[in-house]
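User: Please take a close look at one part of this structure and describe how it is put together and what surrounds it. A few other sites can serve as reference points, and I would like to know how far the model can be trusted.

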Amino acid sequence: MDSSSRIVAVLGPTNTGKTHYAIERMLAHRNGIIGLPLRLLAREVYDKIILLQGSANVALLTGEERIVPAKTKYWVCTVEAMPHKLEVDFVAVDEIQLCADPERGHVFTERLLKSRGLSETLFLGSDTMRMPIHLLVPEAVFQTRERLSQLVYTGECKISRMPSRSAIVSFSIDSVYSIAELIRRQKGGAAVVMGALSPRTRNAQVELYQNGEVDFLVATDAIGMGLNLDINHVAFAGISKFDGRKLRMLMPNELAQISGRAGRGMSDGTFGVTGEVSSLAPNVAQAIMDHKFKPIKKLNWRNSDLIFDSVNDLIHSLECAPTREELIKAREADDLIALKNLMSHHEILDRTIDRNSIKLLWDVCQIPDFRGISQSEHANLLQHIFKFIHDNGSVPEDWVARQVKLIDRVCGDLDTLSNRLAYIRTWTYVAQRNNWVENEQHWREQTRVVEYRISDALHEKLTQRFVDRRTSVLLRRLKQKEALLAEVNDQGEVIIENQFVGRLEGFRFIQDKGQSDAEAKAIKSASIQALAPHFVLQAERFYHLSDKEIYLTEQGNFLWGESIVGKLQRGHIPLKPIVVAIVDQAAGKEVLFKVEQRLQQYFDRKITTLFNPLFAMQDDETLAPLPRGFAFQLIEHFGIIPRSSIVEQVKQLDQEARGSLRKYGLRFGQFTIFFPDLLKPAPTQLRITLWALSQNINEFPAVPPAGHVTILHDRTKPDGYFQMAGYHCIGERALRIDMLERLADLLRVEDHRNGFEASADMLSITGLTLEQFANLMQGLSYKVKGGERLKIKESEQKKSSADSSNIIEETLPQAAKLDHQRNSMDVASCGNKTDVSTDVESKENGEIEPFFVFSLKHKSGKRQQKSNHLKPNKIKKKRRKFKVNDKNEKHMERRFVRSHFKERSIDPNNPFAQALMGLKDQI
């Protein structure tokens with residue numbers, strides 16, 4: 001080394017610009033080498049230098065990456081990968097205090113003792129290295145650099161209250177993942193940085209943080225080694241780590257190295273602990289703030305002058321003790337452990353009989369255990385590689401291809417992808433060594449491509465799991481006070497900044513579910529801001545809609561399309577409920593007013609159209625006081641009043657008063673006073689809605705199906721429901737009131753004293769079977785008697801008149817027998833039952849049908865009519881009472897057969913015509 005070469009130790013805390021200074025000094029020389037503690041940092045520095053010098057002049061050397069242009073001037077390396085025999089003008093080693101690291105310290109100590117530039121050598125690190133450097137490199141000149149900003153301890157802080165632009169540091173993968181998941185739920189997301197990540201994955205994660213997509217970083221102590229990040233606060237989620245041998249507490253200077261990442265340039269930074277970690281001791285916190293630590297006294301050392309005469313000589317040389325008191329023997333490293341494991345295999349011993357073989361074996365043993373499975377598994381892989389290279393000169397291409405193919409997959413979870421990334425790093429390292437694989441250039445590129453592919457997949461998986469892009473994007477926009485633009489598609493989906501945030505239903509924003517409270521709050525805030533102009537345009541469009549595009553449901557809700565935009569609330573007057581618009585508060589009062597105004601217009605037109613008779617009658621000032629009062633009662637009851645409830649008021653109305661009301665379509669029925677036009681489906685639906693609203697019913701009952709004359713009497717319905725639905729309850733069924741009045745008209749002309757049967761018109765009006773009609777008549781207080789008789793019908797096949805006469809002979813006695821056996825019975829006992837005494841032969845030769853006779857009930861020998869009786873016309877001629885008994889059974893037979901013949905004329909083409917005519921004559 002030239003005597004003019006200078007050695008400078010640039011010492012000081014973090015954020016002093018030491019690394020930046022070293023880069024400037026290297027570029028001031030013709031060529032140079034800089035050694036960095038992490039390949040992540042090496043990649044970062046490499047990217048900076050190629051921007052200044054061009055990629056043709058800069059090389060990158062790490063264990064897994066080798067980029068060496070033909071005319072390389074500047075070498076950026078990890079400390080382990082620094083070239084030994086390359087003479088350059090400038091050499092720098094960063095983070096030189098790692099000489100005291102139990103695992104890697106011996107490598108840094110080796111560089112401190114032996115790496116020199118022809119013109120200048122820089123050692124960069126903590127001030128704790130001042131004494132060891134002075135003793136071991138007495139010619140070194142010291143430069144002390146002060147921190148550019150202050151570092152302040154803030155104590156404990158829960159993760160949920162962590163300030164933005166914070167880094168939470170933990171020392172295990174599981175802890176890093178759990179913290180990142182917590183932050184995603186509470187803060188929108190976090191980037192993840194670990195030393196085990198590839199540079200590509202780490203850079204992609206750092207970019208998420210640096211560009212503001214997330215405000216939090218969860219990392220291991222990897223961020224403590226010179227990574228320049230925009231961090232305001234560092235929080236420790238743990239202060240102990242596993243160093244490869246045991247779990248130990250971090251030293252104050254190690255905590256300071258990580259804490260120093262907070263505050264960049266002239267910006268001050270803070271550090272503290274999370275709520276799960278005890279506060280730092282006051283003296284430790286003060287030492288970190290003052291950058292004053294116990295000086296390092298001993299450096300880890302391992303002999304680098306190795307002897308390759310035999311494997312045992314190599315091991316002995318590696319285990320030599322240092323001769324200087326400033327140095328201590330490094331603990332047994334992974335490469336030495338691997339060497340000892342391989343020496344237990346006879347196949348290896350048989351091949352290590354010369355210096356070259358032993359050197360090759362030692363080089364193979366230095367392949368890092370990226371996989372971290374077990375020492376024996378790692379030794380097994382090294383054994384295969386050594387045997388291939390020793391026996392064949394290189395690892396066979398097909399064997400490497402199989403190994404890489406097994407790894408080259410991007411499916412799986414985080415752990416699976418992380419393991420594959422560790423596996424490919426092994427083959428990336430192997431491919432970087434000269435002459436270790438066939439077609440080495442191809443495999444350097446191929447392994448790098450696979451590593452990039454897995455790295456990208458791992459980054460994407462990390463982002464999917466720990467970053468809510470939607471929340472982070474919206475939070476960033478809000479923080480930057482940028483105007484957010486909302487888009488609403490045809491399905492009502494709200495898209496803000498290309499992120500789906502929810503749906504717009506009418507004038508309500510329905511936020512997408514599945515977020516934490518913090519996420520939901522952020523999305524809500526961003527959405528309200530972005531949707532404000534959209535609500536205004538939406539309200540303007542709604543105000544000019546036609547009535548056909550708005551619909552009032554049975555539950556009193558106003559629908560626009562499929563969205564609820566308003567509802568009815570109970571008012572002081574049943575026919576004037578309150579119209580309430582359903583609009584998000586954030587939409588503003590103007591939007592609310594415009595929507596309510598449009599809904600009120602729609603409802604006013606709807607109720608005026610459907611209840612026109614009521615409003616016309618209400619506005620008629622020519623009505624006399626008595627009919628006017630009656631009209632108000634009708635309005636209060638929505639146009640339907642049972643007559644029995646206002647008997648006296650009806651009696652007070654003379655014909656002229658009734659006529660003044662009838663002109664509006666009012667009908668004074670025997671059972672109900674109503675407007676027939678208001679029984680249509682649309683007025684009925686509105687009437688039930690308004691009635692239920694006035695009665696404070698929570699869930700409005702449904703409207704009966706349109707066109708149904710009768711429905712079952714459901715006793716679970718609220719009182720008054722059937723009246724509002726336009727039905728009159730009779731027993732187990734309810735009959736529509738207009739059909740009941742028509743039935744009353746038919747029943748008035750019947751013989752209520754001697755009894756009558758149901759006509760076809762009666763059954764048609766009610767839409768009931770004969771048995772159901774009988775039940776209905778019982779509900780109207782009619783006495784019902786029933787029985788069975790022979791049904792006479794036309795035959796489909798022609799028979800001779802001789803056969804017809806034989807049928808008559810058989811039929812007459814059977815009919816008489818049936819009438820003789822018929823007994824009066826209640827409907828409940830005769831509905832579906834056949835007389836057990838009916839002659840079997842009669843059933844075989846003729847069809848039996850039930851029949852019912854209806855008459856008004858009497859009390860104490862006098863006819864008594866209840867309020868719900870149908871009033872018959874007065875019977876002018878006296879009629880003889882008739883009883884059904886054994887004596888007049890023939891008379892009953894003649895009566896019903898006669899009535900049958902009256903109703904149906906005898907078809908002369910009927911093959912039984914002659915027989916039937918003979919039967920008629922006999923009667």
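Analyst: Helices and strands here are DSSP runs, at least four residues of H or I for a helix and at least two of E for a strand, and they are numbered from the N terminus. By that numbering, Asp89 sits in the loop between β5 (74-78) and β6. Asp89 is a buried loop residue, because its relative accessible area is 7% and the cut-off for buried is under 20%. Apart from residues up to four places away in sequence, Asp89 touches His29, Arg30 and Asn31, and also Gly117, Leu118, Ser119 and Glu120.

The model is a predicted one. Its pLDDT averages 83, and 82% of the residues score at least 70. Strand β6 (residues 90-93) has the highest confidence, at 97, while helix α30 (residues 827-830) has the lowest, at a mean of 38. Residues 907-916 have pLDDT below 50, although the model gives this stretch 21 contacts beyond near neighbours in sequence. Residues 919-923 also stay under 50, with 7 contacts beyond four places in sequence.

As for the whole protein, it has 33 helices and 36 strands. Of its 923 residues, 48% count as buried. Among contacts with a separation of 6 or more, 68% join residues 24 or more positions apart. The exposed area is about 46,000 Å², and carbon and sulfur atoms supply 49% of it.

The part to examine closely is a sheet. It is open, with 4 strands in the order β23-β24-β25-β26 and antiparallel pairing. The edges are β23 (550-552) and β26 (576-581); each has a single partner strand, so one side of each has no neighbour in the sheet. Direction ignored, neighbouring strands are turned by 30° against each other on average. At one of these edges, β23 pairs with β24 (residues 557-560) in the antiparallel sense over 3 bridges. Ile550 has Trp560 of β24 as its bridge partner.

Two helices are to be placed against this sheet. Helix α19 (residues 589-610) lies across β23, β24, β25 (563-573) and β26, and runs at about 145° to β26. Helix α24 (residues 681-694) also packs on the sheet, where it touches β23, β25 and β26, and its direction makes about 65° with that of β25.

Between α19 and α24 in the numbering comes helix α23 (residues 655-662), whose buried residues are Ala657, Arg658, Ser660 and Leu661. These lie on the same side of α23, because they cover an arc of only 155° around the axis. The other side of α23 has Gln655 and Glu656, which are exposed. The cover over the buried residues includes three helices, α20 (612-619), α21 (625-636) and α22 (647-652), together with strand β28 (667-668).

A buried helical residue from elsewhere can be set beside these. Leu255 belongs to helix α7 (residues 252-259). Leu255 counts as buried because its relative accessibility is 4%, against a limit of 20%. Beyond its neighbours within four places in sequence, Leu255 is in contact with Phe236, Ile239, Leu250, Leu280, Val284 and Ile288. Leu255 and Gly224 are 31 residues apart in sequence, and their C-alpha atoms are 8.8 Å apart in space.

How values were computed. Residues are numbered from 1 along each chain as its sequence is written. This is a predicted model: local features need pLDDT of at least 70, side-chain atom pairs count only at pLDDT 80 or more; totals for chains, interfaces and linings use all residues. Side-chain values use heavy atoms; hydrogens and water are left out. Buried means under 20% relative accessible area, exposed over 50%, partly exposed in between (1.4 Å probe, protein chains only). The arc is that of the directions from the helix axis to the C-beta atoms. Contact means heavy atoms within 4.5 Å. Two strands pair if DSSP finds at least two bridges between them. Axes are lines fitted to C-alpha atoms, for helices over the stretch in contact, and angles run from 0 to 180 degrees between N-to-C directions. Accessible areas come from the Shrake-Rupley method with a 1.4 Å probe; for residues, only the protein chains shown count as cover. pLDDT is the predictor's confidence in each residue, from 0 to 100.
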